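Reader: Please take a close look at one part of this model, its strands, and then place a helix pair beside it. I would like the cut-offs stated along with the values.

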Amino acid sequence: MARTNFDQLLQAGCHFGHLKRKWNPAMAQYIYTERNGIHIIDLHKTVVKIDEAADALKQIAKSGKRVLFVATKKQTKEIIAEKAQSVGMPYVTERWPGGMLTNFPTIRKAVKKMANIDKLMQDGTYANLSKRELLQVTRQRAKLEKNLGSIADLNRLPSALFVVDVLKEQIAVREANRLGIPVFGIVDTNSDPKNIDFVIPANDDAKDSVEIILSACCAAINEGIEERKVEKADEKAADAQAEADADEEEAKPKRQARRTRKATDASAEEAAPAEEAAPAE
């Protein structure tokens with residue numbers, strides 16, 4: 001069953017592309033027609049592409065890997081943050097820090113620096129600083145939190161990138177392409193889809209359009225996470241059962257030996273009175 005349908009996407013305004021004069025010819029296969037100088041996206045293809053992307057995201061989540069969401073547009077920041085947080089995934093809604101993927105160790109150092117500032121503030125190390133110095137440290141901490149706070153728990157490179165507006169986030173796309181990280185993208189008619197592994201042709205400016213697509217994809221991610229939990233629980237139960245069976249097999253010889261000893265002792269006790277009752281010669 002499809003995760004979205006034509007009517008839902010139509011109501012959300014997913015079909016509105018950019019002005020005809022701003023189009024990218026590489027998007028021709030996803031364009032249905034042109035109306036009043038604006039390209040109209042073929043939503044039947046969008047439905048199919050959303051399902052393909054959602055299934056792939058589900059498998060990534062099921063394998064325990066992370067997806068990094070990227071959207072720095074003002075109108076999509078809140079949506080991307082809300083949806084990513086709902087499935088426990090990292091996200092970037094401020095300016096993309098250059099080299100975030102290709103120079104990931106440096107980014108991790110900045111995140112650790114933020115954690116160290118927190119630690120030193122809590123243990124009283126900064127208590128003797130002047131107001132000016134404390135203000136500088138506080139500002140530095142706030143800047144790090146703004147830019148990197150949403151990826152603080154990203155300890156290794158993400159397994160996939162989900163991008164809203166691949167034209168605006170082209171630096172992030174290029175870094176992912178360079179490292180071989182698959183890219184999922186909401187691609188409008190003014191963008192080039194050739195570097196996107198999972199293209200979702202749709203309006204990337206309208207809030208409702210982005211929200212309905214993200215809802216479908218995040219629901220798939222959540223399904224993958226839940227299935228992983230079930231599988232882990234089953235594996236744990238299977239391991240416990242296997243351990244119990246192994247203990248059972250190990251205990252069998254001991255139980256058999258105890259039964260043999262008891263039988264021998266019982267036979268000896270029965271034989272003893274008989275010998276005492278025998279008549280003396």
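Author: What follows treats the sheet and then one pair of helices.

The model is predicted, so to speak of a local feature requires pLDDT of at least 70, side-chain atom pairs count only at pLDDT 80 or more, and totals for chains, interfaces and linings use all residues. Residues are numbered from 1 along each chain as its sequence is written, and side-chain values use heavy atoms, with hydrogens and water left out.

An open sheet is built from 3 strands (E runs in DSSP of at least two residues, numbered from the N terminus). Their order is β1-β3-β2, and the pairing, which takes at least two DSSP bridges between two strands, is antiparallel. At the edges lie β1, residues 16-19, and β2, residues 31-35, each paired on one side only. On average, neighbouring strands of the sheet are turned by 30 degrees against each other, direction ignored. Between β1 and β3, the latter spanning residues 38-41, the antiparallel pairing runs over 2 bridges. Phe16 stands opposite Ile40 in β3.

The helix pair is α4, residues 104-122, and α5, residues 131-148 (H or I runs of at least four residues). They pack at an angle of about 135 degrees, on a scale from 0 to 180 degrees between N-to-C directions, with axes fitted to C-alpha atoms over the stretch in contact and 10 Å apart. α4 and α5 are therefore oblique to each other, as the angle is not under 35, over 145 or within 65 to 115 degrees. The crossing of α4 and α5 is left-handed, the near helix being turned anticlockwise from the far one by less than a right angle.
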